[in-house]
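The following exercises concern the geometry of a molecular model. Each task is followed by a solution that proceeds step by step.

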2 protein chains.
Amino acid sequence: MIGPGKAELLERIDDTGSIAAAGREMGMSYKRAWMLVETMNDMFRDPVVVSSRGGATGGGATVTDMGFAVLKEYRALERLTRNSGKPHVQKLQSLLTDMSEEK
Amino acid sequence: MIGPGKAELLERIDDTGSIAAAGREMGMSYKRAWMLVETMNDMFRDPVVVSSRGGATGGGATVTDMGFAVLKEYRALERLTRNSGKPHVQKLQSLLTDMSEEK
């Protein structure tokens, strides 16, 4: 439903106030950034981004309360799985071939 | 390094005693199953699967202690991230559009 890319896009929209600028920072086409926003806006009960095109201020995009709620849960999930999984990831890494020992 | 596919392959090799049979159960070509095993064998400090081709018993494959150690850590990691992440996943799901309410 939401992954690293969409979460980063939301954060960058919040930073830049612009869907196009946020996408650009991520090397995404304008069209792709808009599509991702539309996908998220349809996916959640309320839009995660509202935008106005043109006008005196040249339009802009704002992350909504719903957007921030989604972001908050997603980042919490990410942090948690990273922290609680750490001992197992470290154990697995210790089992990997040590490249410096490679014959 | 190891994901759901490789973990399942290891478990099925343990069940069937055969790389080919394990791959077949997963809809994988013989070649792909062998390649995944070789990748894992190179990746870890010791082989995760040892195999003999032909011979009186028609050959076979065995998951090694290293293989079981890797599997154990991987499954523990999976369980843990699933359990600890559950409240956040549920919260995110509660924010999703309810399809049954779709206009």
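Copies are superposed by least squares on the C-alpha atoms of residues with pLDDT of at least 70 in both. This is a predicted model, in which local features need pLDDT of at least 70, side-chain atom pairs count only at pLDDT 80 or more, and totals for chains, interfaces and linings use all residues. Residues are numbered from 1 along each chain as its sequence is written, while chains are lettered from A and ligands numbered from 1 in the order in which they are written.

**Exercise 1. Symmetry**

Determine which turn and shift lay chain A on chain B, and which residue of chain A comes closest to the rotation axis.

Solution. Step 1: a turn of 180 degrees, with a shift of 0.0 Å along the axis, lays chain A on chain B with an RMSD of 0.0 Å. Step 2: that is the relation of a two-fold axis. Step 3: among the residues of chain A, A:Thr81 comes closest to the rotation axis, its C-alpha being at 2.4 Å.

**Exercise 2. Content of chain A**

State how many helices and strands chain A has, and in which pattern they follow.

Solution. Step 1: helices (H or I, at least four residues) and strands (E, at least two) are taken as DSSP runs, numbered from the N terminus. Step 2: chain A has four helices and two strands. Step 3: along the sequence, the pattern of chain A reads α-α-α-β-β-α. Step 4: for burial, a residue is buried if 20 or more other C-beta atoms lie within 10 Å of its own, exposed if 12 or fewer, and partly exposed in between, with C-beta atoms placed from the backbone. Chain A has 103 residues, of which 22% count as buried. Step 5: two residues are in contact if their C-beta atoms, placed from the backbone, lie within 7 Å. Of the contacts in chain A between residues at least 6 apart in sequence, 36% join residues at least 24 apart.

**Exercise 3. The interface**

Describe the side of chain A that touches chain B: which helices supply at least two residues each?

Solution. Step 1: the contact involves 24 residues of chain A and 24 residues of chain B. Step 2: helix H3 (30-43) and helix H4 (65-95) of chain A each supply at least two residues of this side. Step 3: H4(A) gives the largest share, 16 residues. Step 4: for the residue classes, Ala, Val, Leu, Ile, Met, Phe, Trp, Tyr, Cys and Pro count as nonpolar, Asp, Glu, Lys and Arg as charged, and the others, Gly among them, as polar. The side of chain A that touches chain B then divides into 15 nonpolar, five polar and four charged residues. Step 5: the copies meet through the same surface, because 100% of the interface residues of chain A are also interface residues in chain B.

**Exercise 4. Helix packing**

Classify the packing of H4(A) with H4(B), and then that of H1(A) with H4(A).

Solution. Step 1: axes are lines fitted to C-alpha atoms, for helices over the stretch in contact, and angles run from 0 to 180 degrees between N-to-C directions. Angles under 35 degrees count as roughly parallel, over 145 as roughly antiparallel, 65 to 115 as roughly perpendicular and the rest as oblique. Step 2: the axes of H4(A) and H4(B) are 9 Å apart, and the helices pack at an angle of about 170 degrees. H4(A) is therefore roughly antiparallel to H4(B). Their contact residues comprise 20 nonpolar, eight polar and four charged.

Step 3: within chain A, the axes of helix H1 (residues 4-16) and H4(A) come within 10 Å and cross at roughly 130 degrees. H1(A) and H4(A) are therefore oblique to each other. Step 4: H1(A) contributes A:Ala7, A:Leu10 and A:Glu11 to the contact, and H4(A) contributes A:Gly67, A:Leu71, A:Tyr74 and A:Arg75. These residues divide into four nonpolar, one polar and two charged.

**Exercise 5. Two residues**

Establish whether A:Ala20 and A:Asp65 are buried, partly exposed or exposed.

Solution. Step 1: A:Ala20 lies in helix H2 (residues 19-25) of chain A. With 18 C-beta neighbours inside 10 Å, A:Ala20 counts as partly exposed. Step 2: leaving aside residues up to four places away in sequence, A:Ala20 touches A:Tyr30 and A:Ala33. Step 3: A:Asp65, in helix H4 of chain A, has 9 other C-beta atoms within 10 Å and is exposed. Step 4: A:Asp65 and A:Pro47 are 18 residues apart along the chain, and their C-alpha atoms are separated by 9.0 Å.
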